[in-house]
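Take the sequence and the coordinates together before reading on. The text below goes from the whole chain to single residues and pairs.

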Amino acid sequence: MPFDPIPLPRSGAASTAHPGDRAVGIWLLGIALMVLIMVALGGATRLTGSGLSIMEWRPLTGWFPPFSEAEWQRLFDLYRTIPQYAAVNAGMDLAGFKEIYWLEYLHRVWGKLIGVAFLGGLVALALAGKVRRALLPRLLLLFVLGGLQGFLGWFMVASGFFPHRTAVSPYRLVIHLGMAFLIFGLLLWIALGLLRPQPEAAPRRLRHGVIAVGVLAVLTMLAGGFVAGIRAGFDYNTFPLMDGRLVPAGYGALEPWVLNLFESVPAVQFNHRLLATLTLAGALWLSAFAWRARATPSGRAALLLAGTIAAQYALGVATLLHVVPVGLGTLHQTFAVVVLAAFVNALDRLRGGSGTA
């Protein structure tokens, strides 16, 4: 059974429900929405090349942008010391720097706001007696993960300052993105556990199908992080073939071979396509079983998961064919969180355990 956010037997009976569960659940849903927006901002920041524009990490301060031309010039001078400026933005003036600065600034401030909303909400709800004691360790863990995510964000950005790099490390990018998915998933899982009664038992095949397809979807998302990290989406902009081939030339050209899985443009893009196609096939298979159970909450949740996967697949193909425009690329990354939400929602509907096969 998936991890239960409350280490006590759950029931839909009002006599066993904590009076503050609904308030805590709604608060956590609000935080999850803020995380979704954060992922969207991160995608836009990456695609516009804005992520390396702020070369200082001030997690507790840094709330305000520069107020003087001297401070703007100081930050711009810092930016001009890194390889990205010389290789990508040589000749950029202060006005151009301000354009890339504002998106990264908004991304960072939004992260701080998430921390304030979480800690402030937790303190307020706890003082009001709305947080059951058994839930506090989980909520504190979420706060720690949020702080760790802030550090991982800087850890990722700092990799772009290395002498041989003009962008961040794809490995660090995937770690940062994966942590965002984990935090979002935990927020939603705990929130739904507080807001919903114990669901009905679901058919075992449906339960296993949801888990299998959801895991494939998460693997596809992480593979997409490597596509983003090495900008593999800007090549092989045809579908379904890659330059007229099913498996692109040069798939295993790097040595040692394992590097192809993470650093080779043809291999990384092919692997993402393959995982996405397997996920879509699994979603279509899942929908056949879910359709039979469409009258039940678990059946409808499984159909929703299959539908979001199909929509994300179509969006990914469109993004590829249009050579990753900022709008479509940001939407594709953001919709991955929607797919994850559908997966967590389906898992929540299956909390009641397996029924018949």
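What follows describes the overall fold, then the salt bridges, then some individual positions.

This is a predicted model, so confidence comes before geometry. The mean pLDDT of the chain is 91, and 93% of the residues reach 70 or more. Residues 1-15 are a stretch where pLDDT stays under 50. For that segment the model still has 33 contacts beyond four places in sequence. Where pLDDT is low, predicted coordinates should not be read in detail.

The secondary structure is helical: the chain has eleven helices and zero strands. Read along the sequence, this gives the pattern α-α-α-α-α-α-α-α-α-α-α. As for overall dimensions, a compact globule of 357 residues would have a radius of gyration near 21 Å, and the 22 Å of the chain agrees with that. Along the principal axes, the C-alpha atoms fill a box of roughly 65 × 55 × 35 Å.

Two further totals describe the packing. Of the 357 residues, 48% are buried. Among contacts with a separation of 6 or more, 80% are between residues 24 or more positions apart. On the outside, the chain exposes about 16,700 Å², and carbon and sulfur atoms supply 71% of this area.

Part of that surface is a nonpolar patch formed by Trp57, Leu148, Phe151 and Phe155, which together have about 340 Å² of accessible area. Phe155 belongs to helix H5, which covers residues 136-158. Its relative accessibility is 30%, so Phe155 counts as partly exposed, a class that lies between under 20% for buried and over 50% for exposed.

Charged pairs come next. The count of salt bridges is eight. One of them joins Asp21 and Arg132, with the closest N and O atoms 2.4 Å apart. Asp21 lies in helix H1 (residues 21-47), whereas Arg132 is in the loop between helix H4 (94-127) and H5, so this pair ties together parts that are 111 residues apart in sequence. How accessible are the two partners, Asp21 and Arg132? Asp21 has a relative accessible area of 6% and is therefore buried. Arg132, at 13% relative accessibility, also counts as buried.

A second pair, Arg80 and Asp77, meets through its side chains at 2.6 Å, N to O. Here the partners are partly exposed: Arg80 is at 36% relative accessibility, and Asp77 is at 32%. The side chains of Asp348 and Arg351 form another salt bridge, at 2.4 Å from N to O. Asp348 and Arg351 are both buried. Glu56, Glu71 and Arg74 are linked in a network of salt bridges.

Three buried positions show how parts of the chain meet. Thr45 is in helix H1, the helix that also holds Asp21. Thr45 has 3% relative accessibility, so Thr45 counts as buried. Leaving aside residues up to four places away in sequence, Thr45 touches Ser50, Gly51, Leu103, Glu104 and His107. Helix H4 covers 94-127, and the numbers of Leu103, Glu104 and His107 among these contacts fall inside that range.

Thr220 is placed in helix H7, which spans 204-229. Its relative accessible area is 9%, and Thr220 is therefore buried. The contacts of Thr220, with residues up to four places away left out, are His272, Leu275, Ala276 and Thr279.

Is Pro248 buried or exposed? Pro248 is buried, with a relative accessible area of 3%. Its location is the loop between helix H7 (204-229) and helix H8 (260-263). Beyond residues up to four places away in sequence, Pro248 touches Tyr236, Met242, Pro266 and Phe270. For a sense of distance across the model, Pro248 and Leu187 are 61 residues apart in sequence and 39 Å apart in space, C-alpha to C-alpha.

To sum up, the model is a chain of eleven helices and zero strands, with a radius of gyration that agrees with the value for a compact globule. Its salt bridges include a buried pair, Asp348 and Arg351, and a pair that ties H1 to the loop between H4 and H5. The reservation concerns residues 1-15, where pLDDT stays under 50.

Definitions and conventions:
Residues are numbered from 1 along each chain as its sequence is written. Side-chain values use heavy atoms; hydrogens and water are left out. Patches are made of residues with over 30% relative accessible area and no salt bridge: like charges are joined within 9 Å, nonpolar side chains (Val, Leu, Ile, Met, Phe, Trp, Tyr) within 5 Å. Accessible areas come from the Shrake-Rupley method with a 1.4 Å probe; for residues, only the protein chains shown count as cover. A salt bridge is a side-chain nitrogen of Lys or Arg within 4 Å of a carboxyl oxygen of Asp or Glu. Helices (H or I, at least four residues) and strands (E, at least two) are DSSP runs, numbered from the N terminus. Buried means under 20% relative accessible area, exposed over 50%, partly exposed in between (1.4 Å probe, protein chains only). Contact means heavy atoms within 4.5 Å. pLDDT is the predictor's confidence in each residue, from 0 to 100. The radius of gyration is taken over C-alpha atoms; the globule rule is 2.2 Å times the number of residues to the power 0.38.
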